[in-house]
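Me: I would like a close look at a single part of this model, the surroundings of the ligand, together with whatever packs against them. Please take it step by step, in connected prose.

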Amino acid sequence: MKDLPALRTSLLRWYRKEGRDLPWRRTRDPYAVWVSEMMLQQTTVAAVTPRWGEFLKRFPTVQALAKARQDAVLAAWSGLGYYRRARALHEASRLIVADHAGLFPKAPGARLPGVGDYTRAAVLSIAYGIPMAVVDTNVTRVLQRLMAWKSGSPGLARKIKDLSQELLPEGRSGDWNQALMDLGAMVCLPSGPGCGVCPWPRWCLAKARGLTSRIPGLPERSKPKAVGLDCVLCERNGRVLIEKRGPGLLAGHWGLPEGGGGEVLTRVRHRITTHAVTLVLRKAEALPRRLGRTLRWVKKKDLARFLVSSLWRKALRF
Ligand code: SF4
């Protein structure tokens, strides 16, 4: 890469002035950084911002999280969606306490549930300054444009990985990774990149060749899978019957029991990750009879602690 030191300085200077002031960027605590990265895996910065601080107040250390009950962790994760991340975070916290003296592991072979290459590189570079580049769709798009590499070109993934590592400035890998994330999230947008305010117009080959609208090309959106749920509302003496869900949608969560009933109380449409759910809630005519289910009567005022998915909140609003 030509004039690499100037390219690095230009981005880091831009980041110092224009980078997002996010609460998790004010700490180097590996646990706090890791929690933010887990939340950000599939949730927007705007949604994570208030929830990260609340989660850390509830579980201030990895030891506190490891000791917590799964129901409490899922409740604290409520509203962020993709609950398998919360379960993985919880399971990984127990491994960190048991096997790594309470510290997010640096060893290359150490694997944790829910922590893939991206999350690992982000935590290690930001919290410990280890020179590991992060590569996600934002970074990939910026680097493809920088080099005018078209999608589908041979060996693209390997070239992006090598380039991202080559660009890392010594001793600034955490800032660099966050700067590149911000450039992709704020300036070099999928459609309509803001080349006029970009720190890299001198180096960007897509801009020089008039290819910014053709690289990387828009991804195809997959259609959500339609799922129908029939549930019943079963009430007795101010309490509501709930059940622990089996494998499939919202596995391991408490929910309203599935089954047929009488009068329809409400119909709710709700998106859960890649599923478009239509829930029909009916008034129960009798107690659900299927055996082998974990059922529990809960006081109405305590329902919010158990029914953490927004699906149930919507359904019970009727
Ligand atoms: S010059 Fe434009 S296309 Fe190139 S990296 Fe900057 S914003 Fe993206």
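Reply: Helices are here DSSP runs of H or I with at least four residues, numbered from the N terminus. In this predicted model, α8 (137–147) and α11 (205–208) each supply at least two residues of the shell around the ligand, and α8 gives the largest share of that shell, with 3 residues. The ligand is surrounded by 15 residues, the closest being Cys188, Pro193, Cys195, Cys198 and Cys204. By character, the shell around the ligand comprises 11 nonpolar, 2 polar and 2 charged residues.

The helix α8 also has a partner, and for such a pair the description rests on the angle between the two axes and the distance between them. The axes of α8 and α10 (residues 173–187) come within 8 Å and cross at roughly 80°; since angles of 65 to 115 degrees count as roughly perpendicular, α8 and α10 are therefore roughly perpendicular to each other. On the side of α8 the contact is made by Asn138, Val139, Arg141 and Val142, while α10 brings Leu180, Met181, Leu183, Gly184 and Ala185. The residues of this contact between α8 and α10 divide into 6 nonpolar, 2 polar and 1 charged. Within a single α-helix there are 3.6 residues a turn, so residues three or four places apart point the same way.

Taken together, α8 supplies residues to the shell around the ligand and, through residues including Val139 and Val142, makes contact with α10.

Notes: Residues are numbered from 1 along each chain as its sequence is written. This is a predicted model: local features need pLDDT of at least 70, side-chain atom pairs count only at pLDDT 80 or more; totals for chains, interfaces and linings use all residues. A residue is near a molecule or strand if its C-beta atom, placed from the backbone, lies within 6 Å of it. Ala, Val, Leu, Ile, Met, Phe, Trp, Tyr, Cys and Pro count as nonpolar, Asp, Glu, Lys and Arg as charged, and the others, Gly among them, as polar. Axes are lines fitted to C-alpha atoms, for helices over the stretch in contact, and angles run from 0 to 180 degrees between N-to-C directions. Angles under 35 degrees count as roughly parallel, over 145 as roughly antiparallel, 65 to 115 as roughly perpendicular and the rest as oblique. Two residues are in contact if their C-beta atoms, placed from the backbone, lie within 7 Å.
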